Structures are given as structure tokens and as C-alpha cells.
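Me: I am new to this structure and would like a close look at a single part of it, the place where the protein meets one of the DNA strands. Please take me through that part with care, and then show me how the rest connects to it.

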There are 2 protein chains.
Amino acid sequence: MDLGERKKRILHAIINDYIETAEPVGSRTIAKKYLTDISPATIRNEMADLEDLGLLEQPHTSAGRVPSDKGYRYYVDEIMEVKYPTPQEIERIKYMLQITTINEIDKIIKRTTKLLSDVTKYTSAVLTPSMKKSFIKSLQLIKVTDTDVVAVVVTDTGIIKNVVIKTPKKVTDSTILKLNNILNEKLVGLSINDIGLSVISDIQNYMIEYSEIFSAVISVIYESLKEDNGEIYLEGTTNIFDYPEYDDKDRARSFLSLIENKELLAHIFSESSDNLCVSIGCENELDKAKDCSIVKATYNIADKNIGTIGIIGPKRMDYPKVVGVLKSISCILTEIFENNL
Amino acid sequence: MDLGERKKRILHAIINDYIETAEPVGSRTIAKKYLTDISPATIRNEMADLEDLGLLEQPHTSAGRVPSDKGYRYYVDEIMEVKYPTPQEIERIKYMLQITTINEIDKIIKRTTKLLSDVTKYTSAVLTPSMKKSFIKSLQLIKVTDTDVVAVVVTDTGIIKNVVIKTPKKVTDSTILKLNNILNEKLVGLSINDIGLSVISDIQNYMIEYSEIFSAVISVIYESLKEDNGEIYLEGTTNIFDYPEYDDKDRARSFLSLIENKELLAHIFSESSDNLCVSIGCENELDKAKDCSIVKATYNIADKNIGTIGIIGPKRMDYPKVVGVLKSISCILTEIFENNL
DNA sequence: TATTAGCACTCTAGGAGTGCGAGTGCTAAT
DNA sequence: ATTAGCACTCGCACTCCTAGAGTGCTAATA
């Protein structure tokens with residue numbers, strides 16, 4: 001759909017103004033503030049056209065116009081220019097994320113989340129890599145007591161996971177050593193999805209004498225890894241109160257209850273087809289998310305497109321800025337993880 | 001302060017009614033609904049007395065009375081009878097918390113949090129044990145790559161913590177083995193607070209040949225454990241929207257921003273002097289918590305009074321129920337951890 | 001033919017005015 | 001000591017009204 005230059009300019013102006021003021025925009029405002037070369041009357045005619053096309057909406061007769069979901073979509077796809085952070089800002093971001101005495105992925109992720117919400121003033125969410133897409137880099141059993149064993153799994157994506165195992169009978173150091181050797185030999189390099197019955201029964205052949213302990217160990221490890229979908233970190237959840245569209249109690253509640261449900265969020269943020277993805281209002285699958293917008297970008301660990309960072313906010317969102325920030329920060333993250341793993 | 005039987009009954013009735021309805025309570029209501037043997041006029045006189053004593057407040061002339069913080073305090077200390085869950089409910093709670101294939105403390109804690117908010121309809125918070133109060137039960141280094149080592153610390157309180165260490169030069173398996181042996185021998189049984197310069201330099205004598213790697217390892221482990229204050233889990237954060245006192249946007253915001261700050265919450269919940277503690281309104285140190293009430297109880301792991309479960313809600317809280325539930329569940333938790341560690 | 005000025009019309013937000021109901025405190029009677 | 005009665009207070013909800021913002025249409029203009 002090509003609108004023609006003037007309609008684009010008008011739509012652009014309306015969306016800019018609405019994003020800034022949260023008030024329906026009238027023709028006079030546009031003519032005065034943005035397009036002094038066109039008269040209000042002309043703008044009115046164009047606005048009526050844009051409304052017919054479904055890009056604008058009128059809350060009621062005699063109110064100004066408000067962008068529709070479709071209008072925002074057109075704006076994001078065809079009109080807006082992404083506002084990237086300045087080189088200075090980029091440097092500052094890198095500085096804030098990188099300096100850390102203890103180089104844990106978790107820490108960097110948490111800081112990123114905070115940074116995102118600070119910079120954008122919206123709610124930010126970051127999803128850590130899921131076990132499922134990772135390969136096992138190391139698997140070690142640690143004997144804590146005679147019947148308590150902890151399995152420590154380290155992946156190529158830097159996740160470290162502990163699994164507590166209560167063994168059905170006492171284990172000795174030498175049993176642990178033996179199990180360790182065989183588990184390492186057989187499982188290192190595999191992904192969770194690769195571990196199936198065939199692999200397990202294959203290993204079982206090697207350890208008939210420990211079969212009882214082995215079964216306990218492997219099933220617990222397997223279950224525990226399988227159910228790992230990555231973790232969600234959130235920041236700036238109360239930022240929505242700054243936006244008048246959430247003055248309404250029910251809206252605020254529905255937004256916050258969406259955000260409270262970590263499984264739901266993990267789901268929303270995990271299905272990352274594109275490197276950057278903007279979902280506006282009704283484009284969101286979930287009913288609860290139908291009056292907000294979600295922008296998400298992926299970052300890489302171990303060359304895999306594996307984690308997601310994102311922003312949840314009102315549809316009236318500063319898309320150019322949010323998209324710019326997310327793109328930049330996802331690149332920075334990828335870069336940091338490249339150098340640190 | 002002894003009020004006399006009638007005043008107590010009246011205060012009791014007012015608080016009950018106010019907790020139920022959230023509306024200022026008038027003398028007529030009391031006479032009709034609760035104390036049919038006394039006339040409204042008498043109740044009015046008594047109410048005036050109670051107001052003089054600072055136990056009741058009047059939002060404005062010609063409105064009913066509302067309990068003051070002091071009034072709630074008197075109610076909690078002198079009047080209310082704790083409502084414990086029924087034996088059937090206790091059984092159900094035990095059932096819900098205990099059945100778990102993978103016996104991780106984390107899981108039980110998360111379920112407890114959810115359960116608390118489901119049962120009480122308020123916001124619940126659970127604080128996991130802090131490293132600081134725990135003793136090291138096992139400390140193992142795992143070599144992941146030539147320069148990446150993971151230290152796994154297991155405590156008597158069941159916390160498992162991973163510390164990622166980048167060594168300044170390559171380490172061999174035998175170095176790891178040696179370090180492991182010495183660290184275990186020297187540190188197991190100590191608490192984090194016990195680890196000081198003297199202990200560290202003592203160990204250092206044993207490993208002059210590895211001093212470089214050792215320094216890296218010990219400092220990272222020490223820093224990482226030292227900063228661990230336990231983690232906060234929250235559930236039911238949107239429950240406050242059910243309570244009309246939070247219809248007001250600013251109140252809701254201030255409540256939610258209190259809740260958003262995990263460090264603050266951890267602080268509030270960590271200073272547990274008593275086994276059960278009720279803080280009403282102004283009794284809370286933090287300004288942001290001045291218009292809500294916090295009830296918390298401690299649970300034990302390894303015979304140490306170490307974790308906290310709690311409820312945050314409006315001052316108009318169902319104290320008898322909340323106190324009963326918290327007392328019961330903290331006992332159940334202690335019991336579960338006794339049998340499982 | 002595209003643009004614009006003018007104008008009648010529509011609709012909402014917000015303020016003023018009003019009556020009702022709930023509740024109180026005081027006084028006098030029981 | 002308790003209670004009935006009554007005058008008084010105050011907030012809430014309701015209605016009414018106006019001002020203001022914005023539209024769409026029509027006729028004039030470039």
C-alpha cells in the first residue's frame with residue numbers, strides 16, 4: 001500500500017504527536033506544529049482518507065484521530081527511521097555491561113534487563129538461553145553425602161545447572177568416578193534433545209553393575225534438563241504507571257498479570273523467528289497482550305540464536321528508539337558473549 | 001491498656017466489619033449486625049472514647065470509624081483469635097508441598113510461595129536461606145576448559161551455588177585435584193563468616209606452587225558467597241487490585257514498586273528477630289511500606305532459624321487467617337526440610 | 001481541479017448546584 | 001448508666017450546563 005508523500009507525512013506527524021502527548025490529534029495541531037505548508041482543511045480530508053484505509057481511528061465524533069494497530073504497523077514498516085544510540089551511549093552501555101569481577105552470564109543478563117528498562121522507560125524482559133538448544137560441555141557428579149549426589153551440567157552456552165539426586169542406595173567415591181567417566185564420555189557434545197532412549201540404553205550396557213544408581217541418576221538429570229526453558233528476568237514493571245493509557249485500573253491489572261506469569265512471558269519471548277520482531281496490539285496472540293506492544297530481539301551465544309531481549313509497553317511506544325536500543329544491545333551482548341565464553 | 005469488655009467487643013466488631021467491607025463503620029451497623037444488645041447511642045459514646053484513645057479514626061465528620069494502626073495493633077495483640085487451617089487443609093498443604101520427583105529446595109520454596117498467595121489472596125514472599133548463615137558441606141572445583149573452572153559449593157542448609165572462575169593460566173586435572181583436596185579439608189564445616197584472612201593465608205601455605213591459581217579461585221569464591229543474601233520469591237503481586245484501598249493509582253504504584261525492589265524485600269524479610277512478626281502500617285521502617293501490613297514467619301533448615309515466609313497486604317488484612325496460615329506453613333516447611341536434608 | 005476559508009454541528013470534559021443518606025454529638029428522658 | 005430523639009455535618013451521586021475542541025460540508029479561490 002503506497003499512500004503518497006503527503007499522506008505519509010500526515011500519518012507520521014499524527015503518530016509522532018500521539019506518541020508524545022497521548023491525546024487524540026486534530027487537524028489544527030498538525031497544521032500548526034508539523035506541516036505549516038498545508039491547511040487544516042486539507043489535512044482533514046487526508047485524515048478522513050487515512051481513516052477509511054484503517055490507519056487511523058476516532059475515539060468519538062469531534063475528537064481528533066488516534067493511530068490504529070494497522071497505522072502503527074504501517075509506521076513501523078514504512079515510515080519511521082530507527083533511532084540508534086549515539087556512539088557515546090554505545091560505549092557507556094558496553095562499559096556498564098562488561099565491567100564485572102565475576103563473569104557470570106546471569107549477572108550480565110540481569111544488568112542488561114535493568115539497563116533496558118532504564119534507557120527506554122518501559123518494562124524490559126530478558127530470556128536466558130534454554131537448555132534445549134545447548135550442548136553439554138561437561139557433566140560432573142559430586143558426592144555430598146552417601147546418598148546425596150549433585151550433578152553439575154555445564155553447556156556450551158554457558159548455562160550451569162545443578163541437579164540434586166537422592167540415590168536409592170549408598171554410593172562410593174569409586175562408583176561416582178566410574179559414573180562420571182562414562183557419563184562424560186557418552187553425553188558430552190550432545191544436546192538435550194539428542195538424549196533419548198537409545199543413548200540411555202547404550203550407556204546402561206556399560207554399567208550393569210551400577211544399574212540401579214544409574215537409572216536414578218540419569219532419569220533425574222534428564223527430567224531436570226528437559227523442563228528447562230530458560231529463565232525470564234524483568235525490570236521496570238512499574239513504569240507503565242507513567243503512561244496514561246494505564247490509568248485505568250483494569251488495564252493496569254491485566255498488564256501486570258500478564259507480566260507476572262513468567263511461563264507465559266517465556267513462551268512469548270522464546271518463539272523468536274526473526275532477529276528483531278515488533279508485535280503491535282492485536283498482532284499479539286495472547287488476549288492479555290492485545291493492548292500493548294512487544295518488541296524483541298535475539299542475541300547469540302556460541303553462535304546460536306538463543307536468547308531474547310525485549311520491551312513490553314503501550315502501543316503508543318517510541319518504536320524508533322526501542323528498536324534502535326534493542327538492536328544495539330543485542331549486538332553488544334552477542335559480542336560480549338563471543339569474547340567471554 | 002485494658003479497655004473493658006464492652007469496648008473490646010465494639011472494637012472487635014468494628015475491625016471485623018471494616019476488614020470485610022472496607023467501608024467506615026457506623027454505630028448503627030454495629031448495633032444491628034454485631035451487638036444487638038447495645039443501642040447505637042451507647043456505641044457512639046464508646047466509639048468516641050476509642051477515638052480519644054487513638055484506636056479509631058474518622059475519615060471526616062459524619063463518616064463512620066476506621067481502625068488506626070494502633071487499633072489494629074491492639075486487635076492483633078489482645079483481641080483476635082488466630083484461625084489455624086483445619087487438619088484437612090493442613091494435610092492438603094503437606095501433600096502439595098511434599099510430592100515432588102526432584103527434591104530441590106528451590107522447588108519447594110516456589111510452591112510454598114504460590115500456595116501462600118493462593119490461600120490468603122494477598123501477595124506472598126519467601127526468602128531462601130542466606131549463604132552467610134550456612135556451613136560449607138562440600139566444595140568441589142570442576143574443570144570445564146583449560147582456563148574455566150566452576151566451583152560448586154553445597155551447604156548444610158541445602159543451598160547449591162556455582163561460581164565461575166577464569167584462571168589466570170591453564171590448569172591441569174592434577175592441579176584441580178590437589179586444590180580440591182586442600183580446599184575441602186580446610187573449608188568444609190566453616191561458615192562464610194569464618195573464612196577470613198587467617199584461614200586463607202593458612203591454606204596458602206599448603207599451595208605455594210599453585211599460589212597464582214589459588215588466589216584467583218579463593219577470591220572469586222569468597223566474593224561470590226559473601227554477597228549472597230538469599231533470594232526472594234514473590235507470588236500474587238496483582239492480588240492487591242482486589243482491594244479497594246489500592247484503587248488509587250499512586251498507592252498501587254507505591255505498593256508495586258516496593259515489591260519490585262528485591263533487595264529491599266530481602267532486607268525486610270531477613271531481619272527476623274521473632275518467630276512470627278506482624279508489622280502494621282507506620283510500624284514498618286520503610287516509607288513505601290507505611291500503608292500496608294507485613295506478616296512474616298521463619299522456618300528452619302538444619303536446625304537454624306534461617307528462612308522467612310511472609311505476606312504483604314493492606315493494613316485491612318485478615319490477620320487471624322494470615323497469622324494462622326503462616327504459623328502452620330512455617331512449621332510444615334521446617335518439618336519437610338528436617339526429613340529431606 | 002486541488003486547496004482553503006467559513007460555518008454549523010457534535011461530542012466530551014469539567015464545573016456548579018442540589019438533594020439524599022449516612023453518621024455524628026448533644027440533650028433530655030428513662 | 002443507657003437510650004431515644006433531634007439538629008447538624010459532610011460527602012456522594014446526580015443533573016444540568018457551558019466551553020472548547022474537532023469534524024464534515026459547502027462555497028469560494030488560485
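Reply: In this predicted model, helix H3 (40-52) of chain A and helix H3 (40-52) of chain B each supply at least two residues of the surface near DNA strand D. Of the elements that contribute, H3(B) gives the most, with four residues. In total 19 residues surround DNA strand D, and the closest are Ser27(A) and Arg44(A) from one chain, together with Arg6(B), Thr42(B) and Ser62(B) from the other. On the side of the DNA, sugar and phosphate account for 75% of the atoms of strand D that come within 4 Å of the protein. Sorted by class, the surface near DNA strand D has 11 polar residues, four charged ones and four nonpolar ones.

Some individual contacts to the phosphates can be picked out. Ser27(A), already listed among the closest residues, has an N or O atom in its side chain that is 2.8 Å from a phosphate oxygen of DNA strand D. A polar side-chain atom of Arg65(A) lies 3.1 Å from a phosphate oxygen of that strand. Chain B takes part as well, although with Ser39(B) the atom concerned is a backbone N or O, which lies 3.3 Å from a phosphate oxygen of DNA strand D.

Since both chains appear in this surface, how are the two copies related? Chain B is superposed on chain A by a rotation of 180° with 0.0 Å of shift along its axis, and the RMSD is 0.1 Å. That is the relation of a two-fold axis. The same surface serves both copies, for 100% of the contact residues of chain B recur in chain A.

Further along chain A there is an open sheet of three strands, with antiparallel pairing and the order E4-E5-E6. Its edge strands are E4 (136-143) and E6 (160-166) of chain A, each of which pairs on one side only, and the twist from one strand to the next averages 20°. Seven bridges join E4(A) to strand E5 (residues 148-155) of chain A; in one of the pairings between residues, Lys143(A) has Val149(A) in E5(A) as its bridge partner. Helix H7 (residues 173-187) of chain A packs on the sheet, where it touches E4 and E5 of chain A, and its direction makes about 170° with that of E4(A). Helix H9 (residues 211-226) of chain A lies across E4, E5 and E6 of chain A and runs at about 140° to E6(A).

Methods:
Residues are numbered from 1 along each chain as its sequence is written. Chains are lettered from A and ligands numbered from 1 in the order in which they are written. This is a predicted model: local features need pLDDT of at least 70, side-chain atom pairs count only at pLDDT 80 or more; totals for chains, interfaces and linings use all residues. Side-chain values use heavy atoms; hydrogens and water are left out. A residue is near a molecule or strand if one of its heavy atoms lies within 4 Å of it. A polar contact is a pair of N or O atoms within 3.5 Å; within protein, one must be able to donate a hydrogen and the other to accept it, and residues adjacent in sequence count only if both atoms are side-chain atoms. Ala, Val, Leu, Ile, Met, Phe, Trp, Tyr, Cys and Pro count as nonpolar, Asp, Glu, Lys and Arg as charged, and the others, Gly among them, as polar. Two strands pair if DSSP finds at least two bridges between them. Axes are lines fitted to C-alpha atoms, for helices over the stretch in contact, and angles run from 0 to 180 degrees between N-to-C directions. Contact means heavy atoms within 4.5 Å. Copies are superposed by least squares on the C-alpha atoms of residues with pLDDT of at least 70 in both.
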